[in-house]
Amino acid sequence: MSDEVIVSVRDVHKTFIVTKTPGLLQRLRGKRREVNRIEVLKGVDLDVHKGETVVILGSSGSGKSTLLRCMNKLETIDSGRILVNGHLVGYEERGGKLVDEKAAVTARKRTDLGMVFQQFNLFLNKTALGNVMAPLQDVKKMSRAEAEEHALASLGKVGLLDRKDNYPSKLSGGQKQRVAIARALAMDPSVMLFDEPTSALDPELVEEVLAVIKAIAAQGTTMVIVTHEMQFARDIADVIVVMDQGIIVEANTPDEVFFRPKHAKTYALLKRSGLAVEPPGAV
Amino acid sequence: MKGSPAIEFIESTLSYFPRLLAAAPIVIQLALGAMALALVLGLLVALARISKSRFLRGIALVYVEVMRGTPLLVQLVYIFFVLPAIGVNIDPVPAGILGLGLNYAAYLSEVFRSAILSVEAGQTEAALSLGYTPGKALWKIVLPQSFIVSLGPIGNYFIAMVKDTALTSVIAVTEILKTANVINAQTFETTQVYTAAALLYLLISLPLSRIVSALEKRARVHV
């Protein structure tokens, strides 16, 4: 671990706007268009250092997945700054304001961040090997042979060389997620983002995916992981971040968070998982 | 049995086959040409309909509604008989290809549009997260998958189009029906001539529908 900051999040705010347009009949009866504003992020600050594994915990709706998706601009932000390797991703700053940058520039910067999704999102019309090779050829402009060499090495890291010619429909959930990890890893990003990587898996398949993630962490890869797996979080994290209703309520080492939770929400989260030790402030 | 009316009918019906068959290449030319046009234009219209630009969406919607809301026969007549009035003269076969192609493009655009929308958003998100631009993600990841989903409907529209080539007989294309009209005017064996023509269409479309379902089965294995 070093002092070098890979991802820097500063005072990020994000609001989802949900509009409900009434039907014609309802409008004739005088019903207006409803606009609901949901503040998902209310001023979040976070630093992810090189080689560090940051785990974000929080109940659903706390904004943890949104925060992750803002890092590579799969979600936009309203205000604040997110810097990856010192650069804004998806924006440029003009007169103190964030303006969308060119799509091609965003695309290039996104290769700095590897992302693993809850629903795997493997390309369904490609084999395991094809999935890993595609971005190497399409984005990194590698030759076919070079891409294959890289892809095979990456599939080897997740232990799926024997499944390289299988299509996603012929892979188990755990295998799919491992291919997805290999695909993101092959791009050689400076940080890996995991968005609830085991939440869509059958319980018996969770362990193989967690083992792969642990192995990657052990190699010094910088990672941000959103998960509900408490035991895993405790084992792997350098820093655990607890979010609630759009803010970070606690950020500390696993031991501090698990044995001396400072915030009532952290305690509640631990208690629900059967891991709570003492109520906050009891000691 | 020789000389029985049934045998005679069959024999004279079959005797028209060679002349009608001579018109089959025109039918294939019309159908392939129009389908190529419809595929390209249909894809462009579909992309316009899901684009961010209100202007493009509007134009595409108007195009689809006009093409689906007026009869193909009227469109063909329009291209062949009305356009010359403003100085645009098009030969029968190109006019037929144009009319069929423009019309089917509207239907195919709906096939493509729903197929594109049926590809999960996660596929695009994954591509974007890997550094694809939105355009490249559409072209390299989403479109190939939606094309597989579209194969069946495209095949069905192709078979329908083969049969709709008969409409071009009214704009002087000497395809199967037109040829049958000519023969009928000479021989007055109306029943036999048109029975032969109908059988010929059937002989073309039956194998096509077999090919389409086989293709569809093969392509759909993974998606």
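**Exercise 1. Find how many salt bridges join chain B and chain A in this predicted model, and look at one of them.**

Step 1. Start with the count: there are two salt bridges between chain B and chain A.

Step 2. Now pick one of them. Glu125(B) pairs with Arg69(A), and their closest N and O atoms are 2.6 Å apart. A salt bridge requires such atoms to lie within 4 Å, so this pair qualifies.

Step 3. Place the chain B side of the contact on its helices. Helix H7 (121–129) and helix H8 (134–164) of chain B each give at least two residues to the side that touches chain A.

Step 4. Sort that side of chain B by class: eleven residues are nonpolar, seven are polar and three are charged.

**Exercise 2. Work out how many residues each chain brings to the contact, and what area is buried.**

Step 1. Chain A brings 27 residues and chain B brings 21 residues.

Step 2. Together the two chains bury about 2,000 Å², with carbon and sulfur atoms giving 59% of that area.

**Exercise 3. Describe the largest pocket and what lines it.**

Step 1. Begin with the space: the largest pocket holds about 720 Å³.

Step 2. Next, its lining has 23 residues; nearest the centre are Lys52(B), Thr124(B), Leu128(B), Pro134(B) and Gly135(B).

Step 3. Both chains take part: helix H3 (103–110) of chain A, and helices H6 (92–118), H7 and H8 of chain B, each supply at least two lining residues. The largest share, five residues, belongs to H8(B).

Step 4. Finish with the classes: the lining has 13 nonpolar, four polar and six charged residues.

Technical notes: Residues are numbered from 1 along each chain as its sequence is written. Chains are lettered from A and ligands numbered from 1 in the order in which they are written. This is a predicted model: local features need pLDDT of at least 70, side-chain atom pairs count only at pLDDT 80 or more; totals for chains, interfaces and linings use all residues. Side-chain values use heavy atoms; hydrogens and water are left out. Contact means heavy atoms within 4.5 Å. Buried area is the accessible area (1.4 Å probe) that two parts lose on being put together, summed over both. A salt bridge is a side-chain nitrogen of Lys or Arg within 4 Å of a carboxyl oxygen of Asp or Glu. Helices (H or I, at least four residues) and strands (E, at least two) are DSSP runs, numbered from the N terminus. Ala, Val, Leu, Ile, Met, Phe, Trp, Tyr, Cys and Pro count as nonpolar, Asp, Glu, Lys and Arg as charged, and the others, Gly among them, as polar. On a 1 Å grid over the protein atoms alone, a cavity is a set of points where a 1.4 Å probe fits but cannot get out, and a pocket is an open set with protein on both sides within 12 Å along at least five of seven lines; lining residues have an atom within 4 Å of a point. Grid points are joined across faces, edges and corners, and a volume is the space filled by probe spheres set on the points.
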